[in-house]
Amino acid sequence: MKKILFPTDFSECATNAFVHALEFAKVVNAELILLHTFEIPVYDSQFFPENYAAIYSSIELAKFEMFKDEIPKLRTIADERNLGDIVIKHRLMDGDLIYNLKNAVEEDKVDFVIMGSSGETDWTKFFLGSNTSAVISEIQVPVLCIPADTKFKKIKNIGFTTRYREKDKVELRKVLDIAKKTNAKVKSLYVKTSSSDVSDVTIKEWEKEFANENIEFLVLPSDEVKETILDFILYKDIDVLTTITHKRSFFEGLFDSSFTKKIAKEVSVPVLVMHET
């Protein structure tokens with residue numbers, strides 16, 4: 001059984017993303033691991049000789065009680081969607097979110113990370129802040145980013161951006177496998193700029209190789225790459241956009257934080273970030 005790590009701060013944004021995580025868990029036959037982290041304030045113990053330990057203990061207890069109170073609410077959501085049979089496990093950890101997230105991915109052998117893409121706490125920094133590029137490059141599992149206002153709907157069309165590199169085929173096959181489980185169609189997009197070095201022969205070879213799959217290949221000539229991707233999402237009715245990170249930092253490339261925000265605001269679709277192998 002696969003494992004999905006779902007970091008949550010129990011905000012409205014996170015709860016919305018939890019619905020997506022439940023539905024995705026059903027599709028890929030996975031269990032959910034809920035991760036909540038908190039940071040204990042740093043105090044200089046020499047100024048708190050008597051109640052230093054008590055301060056830490058009270059914070060830990062408060063977080064535990066909050067965590068304990070919130071879990072039943074999420075289980076109720078699962079039951080209401082007839083997904084109560086999905087296994088849900090829990091992790092409550094103190095310390096830095098990103099550090100704990102990376103450890104949880106490694107220790108639990110996680111297959112996917114799913115989380116909301118905005119909020120009013122430090123969780124925002126995960127996708128939209130200064131830590132984004134480091135996290136995306138270091139967590140070597142697919143990350144599904146759910147915009148705050150995107151309600152779950154049945155996945156019918158999965159967008160896949162490619163450069164027609166040989167290694168992109170590995171991730172494309174993974175996307176096709178997910179698509180089969182949801183009876184979805186994959187729509188592959190290549191934005192051919194004036195400096196493109198991809199030959200027509202390569203494109204035809206891909207079309208021939210994947211001829212028996214439920215996939216449509218689109219090659220759109222344009223030097224306005226980001227605008228073309230937005231139009232592709234909108235006019236091709238894309239429900240989830242898939243992109244592949246490359247060796248350079250994710251947010252130093254095409255999908256920088258401003259573009260991710262634009263996707264969330266203008267077309268409001270989840271983005272599945274995969275890693276080249």
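1. Let's start with Asn214, which is partly exposed in this predicted model. Its relative accessible area is 43%, so the residue falls between the 20% limit for buried and the 50% limit for exposed. Asn214 sits in the loop that links helix H7 (200-209) to strand E8. Leaving aside residues up to four places away in sequence, Asn214 touches Leu176, Ala184, Lys185 and Val186. You may also like to look at Lys180: this residue and Asn214 are 34 residues apart in sequence, yet 8.3 Å separates their C-alpha atoms.

2. Moving on into E8 (residues 215-221), we find Leu220. How accessible is Leu220? It is partly exposed, because its relative accessible area of 30% lies between those same 20% and 50% limits. Its contacts, again without residues up to four places away in sequence, are Leu189, Tyr190, Val191, Lys192 and Thr228. Leu220 and Thr193 are 27 residues apart in sequence, with a C-alpha to C-alpha distance of 8.5 Å.

3. Helix H6 is a nice one to check by hand. Helix H6 covers residues 168-182, and at 1.5 Å a residue its 15 residues should span 21 Å. The expected span is 1.5 Å times one less than the number of residues, and the end C-alpha atoms are indeed 21 Å apart, so the two values agree. The buried residues of H6 are Asp168, Lys169, Glu171, Leu172, Val175, Leu176, Ile178, Ala179 and Thr182. Among them, Leu176 is also one of the contacts of Asn214. Just after H6 comes Asn183, with a positive phi of about 55°.

4. Helix H8 (225-235) invites a similar look. Thr228, Ile229, Leu230, Phe232 and Ile233 are buried there, and Thr228 is among the residues that Leu220 touches. After H8 comes Asp237, which has a positive phi near 55°.

5. Now to the core. The largest nonpolar core has 48 residues, and the members that touch the most others are Ile4, Phe18, Leu22, Leu32, Leu172 and Val186. Which helix gives this core its largest share? Helix H1 (residues 12-28) does, with 8 residues. Phe18 touches Phe6, Leu32, Leu34, Leu74, Ile77 and Ile88, when residues up to four places away in sequence are not counted. There is also a second, separate core of 13 residues, including Met93, Val113, Val141 and Val143.

6. The second largest pocket deserves a moment too. Its volume is about 360 Å³, and 25 residues line it. Nearest its centre lie Ile155, Asp239, Val240, Val269 and Pro270. By class, the lining holds 16 nonpolar, 4 polar and 5 charged residues. H1 contributes the most to this lining, with 4 residues, while H1, strand E5 (143-146), H8 and strand E9 (240-245) each supply at least two.

7. Finally, the overall picture. The protein has 9 helices and 10 strands, and 49% of its 277 residues are buried. For contacts between residues at least 6 apart in sequence, 80% join residues at least 24 apart. The Asn214 and Lys180 pair, 34 residues apart in sequence, and the Leu220 and Thr193 pair, 27 residues apart, are handy places to inspect when you have the model open.

How values were computed:
Residues are numbered from 1 along each chain as its sequence is written. This is a predicted model: local features need pLDDT of at least 70, side-chain atom pairs count only at pLDDT 80 or more; totals for chains, interfaces and linings use all residues. Side-chain values use heavy atoms; hydrogens and water are left out. A nonpolar core is a set of buried Ala, Val, Leu, Ile, Met, Phe, Trp, Tyr and Cys residues joined through side-chain atoms within 4.5 Å. Buried means under 20% relative accessible area, exposed over 50%, partly exposed in between (1.4 Å probe, protein chains only). Contact means heavy atoms within 4.5 Å. On a 1 Å grid over the protein atoms alone, a cavity is a set of points where a 1.4 Å probe fits but cannot get out, and a pocket is an open set with protein on both sides within 12 Å along at least five of seven lines; lining residues have an atom within 4 Å of a point. Grid points are joined across faces, edges and corners, and a volume is the space filled by probe spheres set on the points. Ala, Val, Leu, Ile, Met, Phe, Trp, Tyr, Cys and Pro count as nonpolar, Asp, Glu, Lys and Arg as charged, and the others, Gly among them, as polar.
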